[in-house]
Amino acid sequence: MTDPALMPDTSFQPYEYVHGDESAGVLLLCDHARNTVPQEYGDLGVPAAQFERHIGYDIGARAVTLELARRLNAPACLSTFSRLLIDPNRGEDDPTLIMRLSDGAVVPGNAKVDQAERQRRIDRFHKPYHGLISGTLDRMMAAAPAPVIISIHSFTPVWRGVPRPWHVTVLWDSDPRAVTPMLDGLRAQSDLIVGDNEPYDGALENDTMYRHATKRGLSQALLEVRQDLIADEAGALEWADRLEPILRNLSQAQECRQVRHYVSRCDNK
């Protein structure tokens, strides 16, 4: 909950927008770009060290996104608030939208969140971020053939004591148009272990990709890069090197630049 002694920080912008060529054919997203929380929420009762973990944000994802946006001259939409405050990659009705417990870390500031506070966070953080994406897509689709949507995430190398072998994985639902060449391009790099819908399934109803790509019929791929590989500048630049030619090819592929609706696996559950 907010501290009633503090007024909302009206200067806090819930998103970061990188201007680019809106006819470039690709839109970059980064749902968990930062680990910041507006001042009236304090630290949510969570030790500072927890915000530096994957539960606070996707380590390295912002740096990779910004570098790719620069190289491709592509627009990018990034969140600026920690997923511990509210998770922009969840639907508004998702029970994990505001977590009370995240990978063993209790979040006291979320323990007593009522419906009014839940809606306040949705209105102040979640909706503006998604509004930015929607508005950007509207402009891009008016300016040129439909863009490919690429969402950049990162995953922890060990989960509950079990090492994860992949260097990078591609998450997706039912539309293979961008996914197949993405997987092919990554697997062509012989030093990589590439996962397909690992360690998570890419079909999640009302998440960012479902909302903005699947429902619009836009080609898409969600990339998960292992966090230890992009935790510093050198790693982020290396992965921009790996991804840039693949994304450039996707942005120029006619099949990926068409609106085509695929039935989501979420809709078949």
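Which residues lie nearest the centre of the largest pocket? In this predicted model, His 32, Arg 83, Asp 87, Arg 90 and Tyr 200 hold that position, within a lining that is made up of 37 residues. Strand 4 (101-102), strand 6 (148-155), helix 5 (208-214) and strand 11 (220-226) are the elements that give two or more residues to this lining, and strand 11 supplies the largest share, with four residues. The space in the largest pocket amounts to about 760 Å³, and the residues of its lining comprise 14 that are nonpolar, 12 that are polar and 11 that are charged.

Enclosed space was also examined. One cavity of 30 Å³ or more was found, and the largest cavity holds about 60 Å³ of space. The lining of the largest cavity is formed by Asp 173, Ser 174, Asp 175, Ala 213, Thr 214, Gly 217, Leu 218, Gln 220, Arg 260, Tyr 262, Val 263 and Ser 264, a set that divides into four nonpolar, five polar and three charged residues.

The largest nonpolar core contains 37 residues, among which Ile 150, Met 182, Leu 186 and Leu 223 touch the most other members. Two or more residues of this core come from each of strand 2 (26-30), helix 2 (61-72), strand 3 (76-79), strand 6, strand 9 (168-171), helix 4 (179-187), strand 11 and helix 6 (233-252), with helix 6 giving the largest share, seven residues. Strand 6 and strand 11 thus appear both among the elements of this core and among those of the pocket lining. When neighbours within four places in sequence are left aside, the contacts of Ile 150 are with Val 26, Leu 27, Leu 28, Leu 29, Met 182, Ala 221, Leu 223, Leu 247 and Leu 250. A second core, separate from the largest, consists of 34 residues, including Leu 44, Val 107, Leu 137 and Met 209.

Thr 65 is located in helix 2, an element that also gives two or more residues to the largest nonpolar core. Thr 65 is classed as buried because its relative accessibility is 0%, whereas the cut-off for this class is under 20%. The side chain of Thr 65 lies 2.8 Å from the backbone oxygen of Ala 61. Beyond residues up to four places away in sequence, Thr 65 is in contact with Leu 28, Leu 29, Cys 30, Ala 76, Leu 78 and Ile 152; of these partners, Leu 28 and Leu 29 are also listed among the contacts of Ile 150.

How values were computed: Residues are numbered from 1 along each chain as its sequence is written. This is a predicted model: local features need pLDDT of at least 70, side-chain atom pairs count only at pLDDT 80 or more; totals for chains, interfaces and linings use all residues. Side-chain values use heavy atoms; hydrogens and water are left out. On a 1 Å grid over the protein atoms alone, a cavity is a set of points where a 1.4 Å probe fits but cannot get out, and a pocket is an open set with protein on both sides within 12 Å along at least five of seven lines; lining residues have an atom within 4 Å of a point. Grid points are joined across faces, edges and corners, and a volume is the space filled by probe spheres set on the points. Ala, Val, Leu, Ile, Met, Phe, Trp, Tyr, Cys and Pro count as nonpolar, Asp, Glu, Lys and Arg as charged, and the others, Gly among them, as polar. A nonpolar core is a set of buried Ala, Val, Leu, Ile, Met, Phe, Trp, Tyr and Cys residues joined through side-chain atoms within 4.5 Å. Buried means under 20% relative accessible area, exposed over 50%, partly exposed in between (1.4 Å probe, protein chains only). Contact means heavy atoms within 4.5 Å. A polar contact is a pair of N or O atoms within 3.5 Å; within protein, one must be able to donate a hydrogen and the other to accept it, and residues adjacent in sequence count only if both atoms are side-chain atoms.
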